[in-house]
Number of protein chains: 2
Amino acid sequence: MTTKGTAERIIEAALQLISEKGYTAATTKTIAELAGVNEVTLFRHFGNKRGLLKAIVEQFSYYPVLQQEINQNVTWDLEKDLYNFSLKHFEFLMSIKDLVMIGFKESIQFPEISEEIANIPLLIKKELCQYFQEMQHRGKIREVNVEATALSLIALNFGHFMSRARLGTMVSDIPTEELLQTSVAIFSRGLVS
Amino acid sequence: MTTKGTAERIIEAALQLISEKGYTAATTKTIAELAGVNEVTLFRHFGNKRGLLKAIVEQFSYYPVLQQEINQNVTWDLEKDLYNFSLKHFEFLMSIKDLVMIGFKESIQFPEISEEIANIPLLIKKELCQYFQEMQHRGKIREVNVEATALSLIALNFGHFMSRARLGTMVSDIPTEELLQTSVAIFSRGLVS
DNA sequence: CTAGCATGTAAGTAATTACTTGCATGAAAG
DNA sequence: CTTTCATGCAAGTAATTACTTACATGCTAG
């Protein structure tokens, strides 16, 4: 089907441009140009500009979260697990970087988006809480507020992601893996009893 | 002088609207309305719309960074110092929330802004590196990559800030102080030798 | 009192924007 | 071969946008 191909190309172009310039500044004309499609084709597919954004958000909500991948590779070795998770978390965020940026840029104008992107940390928090609770039962980490702990690790990874995604190497040129390794090393040492 | 008053009101209105809707979607008309000023007054003060943004960024760069405040209250008690810093860091980011948001929203369209906002973490990193180095000399923390450590703490606080600033209590309703306290407790425990 | 200066008001302009309509084309499917 | 369907192309529209010009008003300093 060539139909699906063009629609996808339009969505990709819109994703890129809206994440770069914002919803209003990304005009339907430039989106169509980038997609290599006539502007009318865009309206025939999505009705209007908001329909395009809606399509993006829908694609967003169907995006597989890294839940399974986290649970599968658990070794119950704290530092190893947290490093593996943080790396996966970081790479996941990078892979949906454009979507995350749109979410943060247009969250006030389009509240639906805020709800969608808030789902990601919520799901991850849930998984992490279960993991930390089990680690507490096993006596491998000390008594802490598991929710606050989970949120802290998420914030840590998200902070690294935002720094790299928007500022690149302007703040530091330490390789991402090394950065994550150091932060996870500190974090896991701070959790062991 | 009423002049200064109006210019400031226009900047404030622009700050709010551009941070909410983005540069393009925040029209000069709505900015003038929010400032309670005629639209032409805006152009008489700043020439054109970009001049307004420039004025915002300039105000931004003259903003006092929390450097002194960090150095003044140092007790060389790791957890106490880091909590104090994290709270100040968080409150500082919240106080310039609109500016930070503009920085992240328009960093691609207006690269000058990126450079300005990248300065904040850079300055803070420098201060933190000095602190951690001194703490290492005093034998209070173990041998770690101080730069990566500083960046991690900054990322941690920034992550908390972004979560609260954009998602509010959607992700969690734990009070900010409690969150910061937990994350700093883990972080500082992970640093002690 | 008056001269200057910041602001308001009214009106307009050229460009851009989202979106529409009508028609041509070409490829695939029956 | 013909019908259907996705797309391209040309042209246009109403609304909005950044920005300008000309003139009126009111406050303040000398």
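A polar contact is a pair of N or O atoms within 3.5 Å, where, within protein, one atom must be able to donate a hydrogen and the other to accept it. The views below show a predicted model, and they turn from the two domains of chain A to DNA strand D.

**View 1. The two domains of chain A and the interface between them.** In this predicted model, the domain assignment divides chain A into domain 1, residues 2–57, and domain 2, residues 67–189. The C-alpha centres of domain 1 of chain A and domain 2 of chain A are 30 Å apart, and 13 residues of domain 1 of chain A are in contact with 12 residues of domain 2 of chain A. Between them, the two domains of chain A bury about 990 Å², with 66% of that area on carbon and sulfur atoms. Of the area that domain 1 of chain A buries against domain 2 of chain A, 45% is supplied by Ser19(A), Arg50(A) and Val57(A), which is more than any other three residues supply.

**View 2. Polar contacts and a salt bridge between the domains of chain A.** Across the interface of domain 1 of chain A and domain 2 of chain A, 5 residue pairs are in polar contact, with both residues at pLDDT 80 or more. The count between these two domains is 1 salt bridge, and the side chains of Glu112(A) and Arg50(A) meet in a salt bridge at 3.5 Å, N to O.

**View 3. The side of domain 1 of chain A that touches domain 2 of chain A.** On this side, helix 1 (2–21) and helix 4 (49–61) of chain A each supply at least two residues, and the largest share, 6 residues, comes from helix 1 of chain A. The residues of this side divide into 6 nonpolar, 4 polar and 3 charged.

**View 4. The protein surface near DNA strand D.** DNA strand D is surrounded by 18 residues, and the closest are Thr6(A), Thr41(A), Arg44(A), His45(A) and Lys49(B). A polar side-chain atom of Thr41(A) lies 2.4 Å from a phosphate oxygen of DNA strand D, while an N or O atom in the side chain of His45(A) is 2.5 Å from a phosphate oxygen of the strand. For Arg44(A), an N or O atom in the side chain is 2.6 Å from a base nitrogen of DNA strand D. Helix 3 of chain A gives the most to this surface, with 4 residues, and the residues of the surface divide into 4 nonpolar, 11 polar and 3 charged.

How values were computed:
Residues numbered from 1 in each chain as written. Chains lettered and ligands numbered in written order. Predicted model: local features only at pLDDT ≥ 70, side-chain atom pairs only at ≥ 80, totals over all residues. Heavy atoms only, no water. Domains from an automatic or database assignment. Contact = heavy atoms within 4.5 Å. Buried area = accessible area lost by both parts, 1.4 Å probe. Salt bridge = Lys/Arg side-chain N within 4 Å of Asp/Glu carboxyl O. Nonpolar A, V, L, I, M, F, W, Y, C, P; charged D, E, K, R; others polar. Near = heavy atom within 4 Å.
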